[in-house]
Amino acid sequence: ARAFSWTSLLASLPVAGLITAILWINQFPDVPADHAVGKDNLVVRMGLARARWGYHALIALTYLAIPVGIAAGVLPWWSLLGLGGLPFAAQAARILHTRYQEPRALLPAQGLTVQAHIVTGVLLALGVMLGRLL
């Protein structure tokens, strides 16, 4: 395109936030093994109890980026469709918050985070396209 686009930048933030959330939540089951071999990523360094708040922050910032982009006049109102992935992310956050010490119990939360990423990305892209067309 050879041009900078604020719309593209702001629309990419929720997608980037959710892929980061996928990587973040996928580290929880590996913490004991990672720590044992000196792979001290942020989740290992923070500890499971504190690291779950990092996940919550990623989810909050992800879904705040959409209304902020709209309020700034960069994203069209149709972008609110991207909030359709929020229920998946919220359910994943609830699971992680209460069962963060149970690796197998986190499998549904990991899957829900992936679902949130897909649904949010598709609906946000649709919203941006509708905003251009209508």
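Buried means under 20% relative accessible area, exposed over 50%, and partly exposed in between, with a 1.4 Å probe and protein chains only. These views show a predicted model, in which local features need pLDDT of at least 70 and side-chain atom pairs count only at pLDDT 80 or more, while totals for chains, interfaces and linings use all residues. Residues are numbered from 1 along each chain as its sequence is written, and side-chain values use heavy atoms, leaving out hydrogens and water.

**View 1. The aromatic pair of Phe-4 and Trp-6.** A search of the whole structure finds 1 aromatic pair (ring centres of Phe, Tyr or Trp, the latter by its six-membered ring, within 6.5 Å). Phe-4 and Trp-6 meet edge-to-face (planes over 60 degrees apart), at 5.0 Å centre to centre and 90° between the planes. Phe-4 is exposed at 58% relative accessible area, and Trp-6 is exposed at 53%.

**View 2. The largest nonpolar core.** This core (buried Ala, Val, Leu, Ile, Met, Phe, Trp, Tyr and Cys residues joined through side-chain atoms within 4.5 Å) has 30 residues. Touching the most other members are Trp-24, Phe-28, Tyr-55, Ile-59, Tyr-63 and Leu-96. Helix α4 gives the largest share, 7 residues (helices are DSSP runs of H or I, at least four residues, numbered from the N terminus).

**View 3. Around Tyr-55.** Beyond its neighbours within four places in sequence, Tyr-55 is in contact (heavy atoms within 4.5 Å) with residues including Ala-21, Trp-24, Leu-96 and Thr-113.

**View 4. The loop holding Leu-81.** Leu-81 lies between α4 (48-71) and α5 (86-99). This leucine, Leu-81, is partly exposed, at 31% relative accessibility.

Definitions and conventions. Phe/Tyr/Trp six-rings, centres within 6.5 Å; stacked < 30°, edge-to-face > 60°. Helix = DSSP H or I, 4+ residues; strand = E, 2+ residues; numbered from the N terminus.
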